[in-house]
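Colleague: Please take me through this model and explain the terms as they come up.

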Amino acid sequence: TEESDAYLMGCPGLLQTLSCVARGGPFVAVSGAEEDAVPGQPYETEAVGMASPKARLHACIAIMNLSCGKSNKVDIASIPDVLEAMRDVMLGLNFPPPSATRDNGRIANV
């Protein structure tokens, strides 16, 4: 209920953190191999998410549970990070291929 969610909704940065995890973060920059580097050229880096698929799922569930209250919906919808994270999840963006998370038809503990 909204009354029981009031404490959580008042926690600074909670929704931004949940949205970061839902997208796969926190992210770290990973550089290419040193032997592949071209002298005088910067290393190529990419952002790699640290959150497991299970953590991402639970972050999404937490956001959805908090959005059950009418006034919470307005507060949550006013945070662009949350909306973008939920969009990414619904579109299946930035998820590992199914073969990386499945083991004989069951979801692996990742």
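**Helices, burial and one peptide bond**

Modeller: The crossing of α2 and α3 is left-handed. Keep in mind throughout that this is a predicted model.

Colleague: Which residues make the contact between α2 and α3?

Modeller: From α2, they are Leu14, Leu15, Leu18, Ser19, Val21 and Ala22. From α3, they are Ala55, Arg56, Ala59, Cys60, Ala62, Ile63 and Leu66. Sorted by class, the contact has 11 nonpolar, 1 polar and 1 charged residues.

Colleague: How do you know which residue of that contact is the charged one and which is the polar one?

Modeller: Arg is among the types that count as charged, so Arg56 is the charged residue. Ser is in neither the nonpolar nor the charged group, so Ser19 is polar.

Colleague: At what angle do α2 and α3 pack?

Modeller: The angle between α2 (residues 14-22) and α3 (residues 53-66) is about 140°, and their axes are 7 Å apart. That makes α2 oblique to α3.

Colleague: Why is α2 called oblique to α3?

Modeller: Roughly antiparallel needs an angle over 145 degrees, and roughly perpendicular covers 65 to 115. About 140° fits neither range, and it is not under 35 degrees, the limit for roughly parallel. The angle therefore falls among the rest, and α2 is oblique to α3.

Colleague: What makes α3 oblique to α5?

Modeller: α3 and α5 (residues 80-91) pack at about 125°, with axes 11 Å apart. That value lies outside 65 to 115 and is not over 145, so α3 is oblique to α5. The crossing of α3 and α5 is left-handed.

Colleague: Which residues meet there, and of what class are they?

Modeller: Cys60, Ile63 and Met64 of α3 meet Val82, Met86 and Val89 of α5. The contact has 6 nonpolar residues, no polar ones and no charged ones.

Colleague: Why is α1 called roughly parallel to α4?

Modeller: The axes of α1 (residues 2-9) and α4 (residues 70-77) cross at roughly 25° and come within 10 Å. An angle under 35 degrees counts as roughly parallel, so α1 is roughly parallel to α4. Their contact involves Glu2, Asp5 and Met9 of α1, with Lys70, Ser71, Asn72, Asp75 and Ile76 of α4. By class, these divide into 2 nonpolar, 2 polar and 4 charged residues.

Colleague: How do you know whether Met86 is buried or exposed?

Modeller: Met86, in helix α5, has a relative accessible area of 15%. The limit for buried is under 20%, so Met86 is buried. Leaving out residues up to four places away in sequence, Met86 touches Cys60, Ile63 and Met64.

Colleague: How far is the C-alpha atom of Met86 from that of Ser19?

Modeller: The two C-alpha atoms are separated by 7.6 Å, while Met86 and Ser19 are 67 residues apart along the chain.

Colleague: Why is Met64 called partly exposed?

Modeller: Met64 is in helix α3 and has 44% relative accessibility. That is neither under 20% nor over 50%, so Met64 is partly exposed. The C-alpha atoms of Met64 and Met86 are 9.3 Å apart.

Colleague: What makes His58 partly exposed?

Modeller: His58, also placed in helix α3, has a relative accessible area of 49%. Exposed would need over 50%, and buried under 20%, so His58 counts as partly exposed. The C-alpha atoms of His58 and Val21 are separated by 8.9 Å, and these residues are 37 apart along the chain.

Colleague: Which peptide bond is cis?

Modeller: The bond from Gly25 to Pro26 is cis, with omega near 5°. Most peptide bonds are trans. Pro26 lies in the loop between α2 and β1 (27-31).

Colleague: How many helices and strands does the chain have, and in what order do the elements run?

Modeller: The chain has 6 helices and 4 strands. Starting at the N terminus, the order is α-α-β-β-α-α-α-α-β-β.

Colleague: What percentage of the chain counts as buried, and what area is exposed?

Modeller: Of its 110 residues, 22% count as buried. The chain exposes about 7,700 Å², and carbon and sulfur atoms supply 60% of that area. Among contacts with a separation of 6 or more, 58% come from residues 24 or more positions apart.

Notes: Residues are numbered from 1 along each chain as its sequence is written. This is a predicted model: local features need pLDDT of at least 70, side-chain atom pairs count only at pLDDT 80 or more; totals for chains, interfaces and linings use all residues. Side-chain values use heavy atoms; hydrogens and water are left out. Axes are lines fitted to C-alpha atoms, for helices over the stretch in contact, and angles run from 0 to 180 degrees between N-to-C directions. Helices (H or I, at least four residues) and strands (E, at least two) are DSSP runs, numbered from the N terminus. A crossing is left-handed if the near helix is turned anticlockwise from the far one by less than a right angle, and right-handed if clockwise. Contact means heavy atoms within 4.5 Å. Buried means under 20% relative accessible area, exposed over 50%, partly exposed in between (1.4 Å probe, protein chains only). Accessible areas come from the Shrake-Rupley method with a 1.4 Å probe; for residues, only the protein chains shown count as cover.
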